[in-house]
Amino acid sequence: MRRPVVFCFKKEDNMNKKIQILLIAVVLLSVLLAVKATGQQKVTLGGYVRDGATGEDLIGATVQLVGTSTGTITNVYGFYSLTIPAGTYTLQISFVGYDTYAIEKTFDRNETLDVELAASVEELSEVIITGEQENANVVNNEMSVVKLEPKTIKEVPAVLGEADVIRSIQLLPGITSVADGASGFNVRGGAADQNLILLDEGIIYNSAHLLGLYSVVNPDAVKDIKIYKGGIPARYGGRLSSVLDVRQREGNSKAFNGEAGVGLISARALVEGPIVKDRSSYMIAGRRSYGDAFLQLTGNDNVAYFYDLNVKTNYTINDRNRLFLSGYFGRDKFELGSIFSNSWGNTTGTLRWNHLFSEKLFANFSAIYSNYDYSIDQLTSGAEFNKTSNVITYNVKGDFNYFIDNNNLIEFGADNKWYEFRPGEITPIEGSNILSSSLDEKFGQELGAYVSYERKFGSFTLNSGLRFSRFLRQGQQDIPIYRDDAPLVYNEAVGRYENGEIIGVESYSSGETISDFSNFEPRFSATYVLNNRNSIKVSYNRLFQYLHLISNTNSPTPLDVWAPSGPFIEPQKVDQVAVGYFRNFKDNTYEASLEAYYKEMDNLVDYVDGADILTTNTLETEILPGSGRAYGLELYVKKNRGKLTGWVSYTLSRTERKVTGIGPDDPGINNGNYYAANYDKRNDLSVTAIYRLNDRWSLSSNFIYATGVPTTYPVGRYEYAGLIIPQFEDRNQQRLPDYHRLDVSATLRGKKQRWKRGGHEWVFGFYNLYNRANATSIYFIESEDNKGESKAFKSYLFGITPSITYNFKF
């Protein structure tokens, strides 16, 4: 008899139901009040704010009426909408680093007004984090959000002189990594796979080049970088911990120009220009490392390099329609002589259509493609084979902004993603004894719909939102049936987990639903502005994640595979609440924030001892479900102006996991007690300083200190069959030594413009100036001199590392 489809509609408890009902009621009531208010005689201005020199949209520009509190900011596409009573006003538009635009005019009907701002003549090196209005951190209804400028990232010292987006965000509170060279990053106690990384809306599944030394995001090619650590808007879904939203440059629609740079191990170049002046433009940026060339010169036949290519073009059809086409293509190659070869990379493509229905209703429609794949060639004689794996995502979505008036904004939209998971296909190389084999392909579909409403009540701003997500695990696939529905059982006699007994197989045809998960995800944020210098903010969000990175290492590797939720793997869930105090000092020269957060996570994936996660078709026999919690306090102080600028970030936090096991008789992990997560760092301090000596010289430095990450050392050992076997007890009860380092760099700008359209500069740097050997791991080897004793050895990645880079514009 056929087993019924597994349908899991998550039932919320009474309190959660009340929260959802309250959010919906607030939205409906506020909308009714707003619609009633629009009965007054008003007009609406709408349009785009752009850079006058390049035609690039400016995100977060301020649009306001002089002498009033009426104003707004541009959205992520540079669009604004301002509703005002009919009359004569002075309209002012400003953006840090640009001359203010002002016009006095009588507004008596709805009107489209596009504005181009001219870059300020003054140097703007003091602008560190954001180009938005100077007290945006206080008055905007956003918390746990940081915006980074590409210019700032390029000023921060970097390993081997290569500016890096992922490493730069790790200088901010609540964001860490496990160790030097680790792939990915961790946000407020979340795992690396719980971060949604978007490049022009395309999903990036592996963010690292060269096994974690660099990130896939080229700072030259991007114009806006924003990371959400909490209070995540309803338009985002699919990951638990954060959203890193990266927007690429559109290209200069006024004139051709370019820039390039050459460092010790890599080079890069970017060109941009108009296709049709003021209507269409393009941007092409590329990077390539050449460390492999140096290896060949020394007679070393190993290979290690990466390359990536960013492209984007756009076309303005008319004042109400604009098309964008962008793509990213990245690849890494690693070869160990004639023994092993590995290649991996990301590919994304995005087609976007911006449409303005009216001055009040803005829409964006997108079709998106993402692919992450890797390939392994094992070249050992007699066992040569090739293994490939990839995950493909197709996504269509629509997002709408409806500006009822200056105090009321509704955002709504929907998206539909299709997933193809190909965990592995092994093909023997000619002459090999290996047989062809493949792991089951898996398919899924994720649907989402959301609505959020933001309402301003004088000094109080409230945003309430609700997202509905649904995930369908689909065939074609054969699903095993286990005795007692137990894919994993605990053998108390030998003290270990074993595979459950398979008593049958259930076959699903192509497109047939295997499992069905549906969930509501409420979002809420509020800001109370005490005055222009002080505010208090709170936020809450619930998110579900239907994809799981199957990895039992401390940080992701290129060989890890992604798996969907299904009959034996539940979707991950998080609830996070945060509260913060925001304060600016000395006319916004200094800004500071103090945030506290608490989050609970359910249905996390952990692994049994000795888990086989790369070659098994039954992952459910290798994993254990768990839960987690994380809480902490984040302090952030930033100086925006003057010769000395920079910021200090400090995080005091705790991140814990709990795996109770699958039954009453098994111990789980650490006997079902909480234990520190692999990436828990109790203290994390970063100090970044940039000092401009004069027009030619500037200095910058980073100092980082962090508590060592948890690890598990053997507590004893025993001899078995002539072998010394280490004995372990509870997981993650010890820690590596504390981490700290100092990086410095100096930039020398040329006296004259050596190239036709721009300047040039030399950047000199030292990473880890005082040569601290920060441990990535500690391992034990039996002493050859004294049998029966073990010696501890420390592995580390970087000592003092010099760099020199030459950058120029043309």
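Over residues 123-131, pLDDT (the predictor's confidence in each residue, from 0 to 100) stays under 50, and the model has 37 contacts (heavy atoms within 4.5 Å) beyond four places in sequence for this segment. Residues 1-12 likewise have a pLDDT under 50, with 29 contacts beyond four places in sequence, whereas the chain averages a pLDDT of 88 and 91% of the residues score at least 70. The model is predicted, so that local features need pLDDT of at least 70 and side-chain atom pairs count only at pLDDT 80 or more, while totals for chains, interfaces and linings use all residues. Residues are numbered from 1 along each chain as its sequence is written, and side-chain values use heavy atoms, with hydrogens and water left out.

The structure holds 48 salt bridges, a salt bridge being a side-chain nitrogen of Lys or Arg within 4 Å of a carboxyl oxygen of Asp or Glu. In one of them, E56 pairs with K223, the closest N and O atoms being 3.9 Å apart. Because E56 lies in the loop between β2 (42-51) and β3 (62-65) and K223 in strand β17 (residues 222-228), this pair ties together parts that are 167 residues apart in sequence; strands are DSSP runs (E, at least two residues) numbered from the N terminus. Both E56 and K223 are buried, that is, under 20% relative accessible area, with exposed meaning over 50% and partly exposed in between (1.4 Å probe, protein chains only).

A salt bridge also joins R470 to D516, with the closest N and O atoms 2.5 Å apart. This pair links distant parts of the chain, R470 in strand β30 (residues 460-474) and D516 in strand β35 (residues 513-531), 46 residues apart. R470 is partly exposed at 31% relative accessible area, whereas D516 is buried at 4%.

How values were computed: Helix = DSSP H or I, 4+ residues; strand = E, 2+ residues; numbered from the N terminus.
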